[in-house]
Every structure is written in structure tokens, then in C-alpha cells.
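This briefing accompanies the sequence and coordinates shown below. It is intended for a reader who wishes to relate individual residues to the fold.

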Amino acid sequence: MLVLMREHAVTPAAIERMELRVPHSSLGVCNIADPVTSLEAKFSLKNVAAMTLLGDATGDINAYAVERVLRPEVKQIAARITVVGRDDLDGGEAVAIATLTDGRTLTETYDSYTAKVDLAAQRVTLSRKFR
């Protein structure tokens, strides 16, 4: 989603709807539809996607403070996101398909299991996540 936003200058307001395709196995763990606590928000693909679109650093545990995850703008964006389980996706694979208000449809595929090319950047990311 970050690539969509950067490369196509997409803002959250420009997203009419988004479909997140994830491995079917993820649905039992990460598909809390309407989280009301910080912990539930961490396990809500819709909520994490909305937070990402708003620019929140979702790899930072502090991003999940309840007052942040329950912001009205997070809920508004999450309401436009549909999560679909797919048997043809594995592990950390995900596909985001954004339909924009101008009629364009943009697709981004991401695999969180693939190491970043910039290992220094990956070290920083992991350090922030596990501090």
C-alpha cells in the first residue's frame, strides 16, 4: 500500500474501496473486523491497513495505543476495506487492490517474508519492532 501511495500520489481520501487478498490461513488470526482494544487492532488487517494509509508506523508498538487505533478516520477508512482469504497465496503474501474515486484501479503485491534489499533498513525496522 505504501508503494501505491508513493508512486501514484494516492491519498486515503482518494480510495473509494480496497480489497486485501491474504492467505486464507490468516483469516483466523488477523481478521478482527471491528477492533475495540489495542490488542484487537494489532490483529485486524482492516485496521492495520487503514493505519498504514494514514501514515502510522504500524511496526511500532506505540502505534497501537487505544486512542490512536480508535480514531474516527481509522474507522472510516477501515470501513472501505474488504479482506478476502485466498488459497493461492502463501505465508506473508498479500495483494492490495485499490479502486480510486477517479476510476483508476491500482494493485500492489507484497511479501513480508522477503527480506529487504537494504539490510541496514531491515535492521532498523526489526529493532523498532522488538524494542
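The points below cover the sheet, the helix that lies across it, a salt-bridge network and a surface patch.

The structure is a predicted model. It contains an open sheet of 4 strands with mixed pairing, in the order S2-S1-S3-S4. Helix H4 (residues 45-53) lies across S1 and S2. The structure also holds 8 salt bridges.

**Sheet architecture**

- The open sheet has the strand order S2-S1-S3-S4, and its edge strands are S2 and S4 (105-111), each of which pairs on one side only. Neighbouring strands of this sheet are turned against each other by 20° on average, with direction ignored.
- Strand S1 (residues 15-23) runs parallel to strand S2 (residues 81-86), and 6 bridges join the two. Within this pairing, Met-18 has Ile-81 of S2 as its bridge partner, and Val-22 has Gly-85 of S2.
- S1 also pairs with strand S3 (residues 93-100), here in the antiparallel sense and over 6 bridges. The bridge partner of Arg-17 in S3 is Thr-99, while that of Glu-19 is Ile-97.
- S3 and S4 pair in the antiparallel sense over 7 bridges. Ile-97 of S3 stands opposite Thr-107 in S4. Ile-97 is thus named in two pairings, being also the S3 bridge partner of Glu-19.
- The hairpin of S3 and S4 has 4 residues between the strands, and Gly-103 in this hairpin takes a positive phi near 95°.
- Because 6 of the 8 residues of S3 are buried, this strand is largely enclosed by the rest of the structure.

**Helix H4 and its surroundings**

- Helix H4 runs at about 125° to S2 and lies across both S1 and S2.
- H4 is mostly covered, with 8 of its 9 residues buried. The buried residues are Lys-46, Asn-47, Val-48, Ala-49, Ala-50, Met-51, Thr-52 and Leu-53.
- These buried residues pack against strands S1 and S2 and against helices H1 (2-8), H3 (38-42), H5 (66-69) and H6 (72-78).
- Gly-55 follows H4 and has a positive phi, near 95°.

**Salt-bridge network**

- Arg-68 forms a salt bridge with Asp-56, and their closest N and O atoms are 3.5 Å apart. Since Arg-68 lies in helix H5 and Asp-56 in the loop between H4 and H5, the pair ties together parts that are 12 residues apart in sequence.
- Asp-56 and Arg-71 also meet through their side chains in a salt bridge, at 2.3 Å from N to O. This pair links distant parts of the chain, with Asp-56 in the loop between H4 and H5 and Arg-71 in the loop between H5 and H6, 15 residues apart.
- Arg-71 further meets Glu-73 in a salt bridge of 3.9 Å, N to O. Through shared partners, salt bridges join Asp-56, Arg-68, Arg-71 and Glu-73 into one network.
- Burial varies among the four members. Asp-56 counts as buried at 11% relative accessibility, as does Arg-71 at 19%. Arg-68 is partly exposed, with a relative accessible area of 29%, and Glu-73 is partly exposed at 33%.

**Nonpolar surface**

- Val-29, Leu-39 and Phe-43 make a nonpolar surface patch of about 270 Å². Val-29 is located in helix H2 (residues 27-30).

Conventions: Residues are numbered from 1 along each chain as its sequence is written. This is a predicted model: local features need pLDDT of at least 70, side-chain atom pairs count only at pLDDT 80 or more; totals for chains, interfaces and linings use all residues. Side-chain values use heavy atoms; hydrogens and water are left out. Two strands pair if DSSP finds at least two bridges between them. Patches are made of residues with over 30% relative accessible area and no salt bridge: like charges are joined within 9 Å, nonpolar side chains (Val, Leu, Ile, Met, Phe, Trp, Tyr) within 5 Å. Accessible areas come from the Shrake-Rupley method with a 1.4 Å probe; for residues, only the protein chains shown count as cover. A salt bridge is a side-chain nitrogen of Lys or Arg within 4 Å of a carboxyl oxygen of Asp or Glu. Axes are lines fitted to C-alpha atoms, for helices over the stretch in contact, and angles run from 0 to 180 degrees between N-to-C directions. Contact means heavy atoms within 4.5 Å. Buried means under 20% relative accessible area, exposed over 50%, partly exposed in between (1.4 Å probe, protein chains only).
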